[in-house]
Amino acid sequence: MDQPRRPASPASEAAGDYSIRKEEFRAFQDLIHRESGIFLADHKLALLGGRLHARLRALGMTSYGEYFKAVQKDEAERIEMLDRISTNETHFFREPHQFEFLKTRVLPRWVEDAQAGRRPRSIRVWSAACSTGEEPYSIAMLLLDQLPASEGWSIEILGTDISTRVLQKAKDALWRIEKAEEIPTPYLKAFMLEGTGPEKGKMKAGPEIRSLVSFSRMNLNSRPYPVPGGFDIIFCRNVLIYFNTATKAGVVEELLAHLAPSGLLLLGHAESLHGLTEQARSVGPTIYAPLQSTYFSGQRLPRLR
Ligand SMILES: C[S@@+](CC[C@H](N)C(=O)[O-])C[C@H]1O[C@@H](n2cnc3c(N)ncnc32)[C@H](O)[C@@H]1O
């Protein structure tokens, strides 16, 4: 596959002064799918070329074939490549109806159960494709507000992603100040700090919520997952859309195995478990409970006001 630099042709797509040929695209398509579960359809050829172009230049390489060989040989370069091809769009309090559902219909039950001694005052949540951290920190704000440490609650939130680049941003917990608009004012005032000095124009997560969240790299396409199970809530949002049906089914099976019997699995707005598993049922839009759970049947949930 070593090719000299060549002009774009109908069988290739220009990426600056480089071009990616169809057979090179297929080799990447196959490797990326095996590695991450992400399936790049044929029309993503130009997108892939564009996303890898700067890396080729930085390494002084002149063809995608040469870069493919490097990626095959070197795990660190594969991680770097996956960093570049993953789509990381995210927002604070994305899918607000899910946060509302947790606040009004789930957490009050857990508080009531804890008061009656039916559950511990601890809660573990997993954000299983957390991107740059907006999702796990949104969860942290909601939980800290509703389940205060002063009432004996302990909260643990794990954020994982395949991309080391986004995880570093999540750990830094520093965003441009415009992102403040995504956060309800009371939470913004209580939990976020305005950057000063070199961080002017930025917003930083305050220590109360930073201390609740930890991050590590984890590939949802590599099973079994190296994290302890029994999560009360798993957010796996806006990532299944990149997988094919077989990969989605495998991921969902493994996620459900990591959920507590009274737990909930939350998906993205364009995702559903339909046709993927018989082991969970819907208890709200894009919100699922394990099939054996008696906890979230319609009658037992308090009505929405
Ligand atoms: C569009 S973002 C969604 C972020 C967040 N969950 C949300 O809904 O706002 C998708 C994330 O999935 C991650 N991702 C893609 N494939 C993955 C895999 N195989 N394992 C873990 N994370 C993956 C990407 O790196 C990216 O950060």
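# A guided tour, starting from Y288

Select Y288 to begin: leaving aside residues up to four places away in sequence, Y288 touches L264, L265, L273, A280, R281, S282 and V283, where a contact means that the C-beta atoms of two residues, placed from the backbone, lie within 7 Å. The model in your viewer is predicted, and local features are described here only at pLDDT of at least 70, side-chain atom pairs only at pLDDT 80 or more, while totals for chains, interfaces and linings use all residues. Residue numbers start from 1 along each chain as its sequence is written.

**Around Y288**

Y288 belongs to strand 12; strands (E, at least two residues) and helices (H or I, at least four) are DSSP runs numbered from the N terminus. Y288 counts as buried because it has 26 C-beta neighbours inside 10 Å, the rule being that 20 or more other C-beta atoms within 10 Å of a residue's own make it buried, 12 or fewer make it exposed, and values in between make it partly exposed, with C-beta atoms placed from the backbone. If you add S272 to the selection, you will find its C-alpha atom 9.2 Å from that of Y288, although the two residues are 16 apart along the chain.

Next, show strand 11 together with strand 12 (residues 287-290), which run antiparallel and are joined by 4 bridges; two strands are said to pair if DSSP finds at least two bridges between them. S282 stands opposite Y288, and G284 has I287 as its bridge partner in strand 12. The two strands form a hairpin with 2 residues between them, and T286 in the turn has a positive phi of about 60°.

**The sheet of 7 strands**

Widen the selection to the open sheet to which this hairpin belongs, whose 7 strands follow the order 8-4-3-9-10-12-11 with mixed pairing. Strand 8 (213-217) and strand 11 (280-284) stand at the edges, and each has a single partner strand, so one side of each is left without a neighbour in the sheet. On average, neighbouring strands here are turned by 25° against each other, direction ignored; axes are lines fitted to C-alpha atoms, for helices over the stretch in contact, and angles between N-to-C directions run from 0 to 180 degrees.

Now add two helices. Helix 6 (residues 134-146) lies across strand 3 (122-127), strand 4 (154-161), strand 8 and strand 9 (231-236), and runs at about 170° to strand 4. Helix 10 (residues 245-257) lies across strand 9, strand 10 (259-267), strand 11 and strand 12, running at about 140° to strand 10.

**Backbone details in the loops**

In the loop between strand 8 and strand 9, select P224, which is joined to R223 by a cis peptide bond with omega about 0°. Then move to the loop between strand 9 and helix 10, where N238 is placed; its phi is near 60°, a positive value in a residue other than glycine, and N238 counts as buried, with 21 C-beta neighbours inside 10 Å. A173, in the loop between helix 7 (164-172) and strand 5 (174-176), likewise has a positive phi, of about 55°, although it is not a glycine.

**The sheet of 3 strands**

From A173, continue to the open sheet of 3 strands, which has the order 5-7-6 and antiparallel pairing. Strand 5 and strand 6 (192-194) are the edge strands, each with a single partner, so one side of each is left without a neighbour in the sheet. Strand 6 and strand 7 (residues 202-205) pair over 3 bridges in the antiparallel sense, and M192 stands opposite A205 in strand 7.

**Domains and ligand**

Finally, colour the model by domain: an automatic or database assignment gives domain 1 (12-85) and domain 2 (96-300). Their centres, taken over C-alpha atoms, are separated by 32 Å, and the contact takes 7 residues from domain 1 and 11 residues from domain 2. On the side of domain 1 that touches domain 2, the largest share, 3 residues, comes from helix 4 (residues 75-85).

Which residues are closest to the ligand? They are S86, T90, A129, S131 and L220, out of 24 residues that surround the ligand, each counted if its C-beta atom, placed from the backbone, lies within 6 Å. The shell draws at least three residues from each of domain 1 and domain 2, and by class it has 7 nonpolar, 12 polar and 5 charged residues; Ala, Val, Leu, Ile, Met, Phe, Trp, Tyr, Cys and Pro count as nonpolar, Asp, Glu, Lys and Arg as charged, and the others, Gly among them, as polar.
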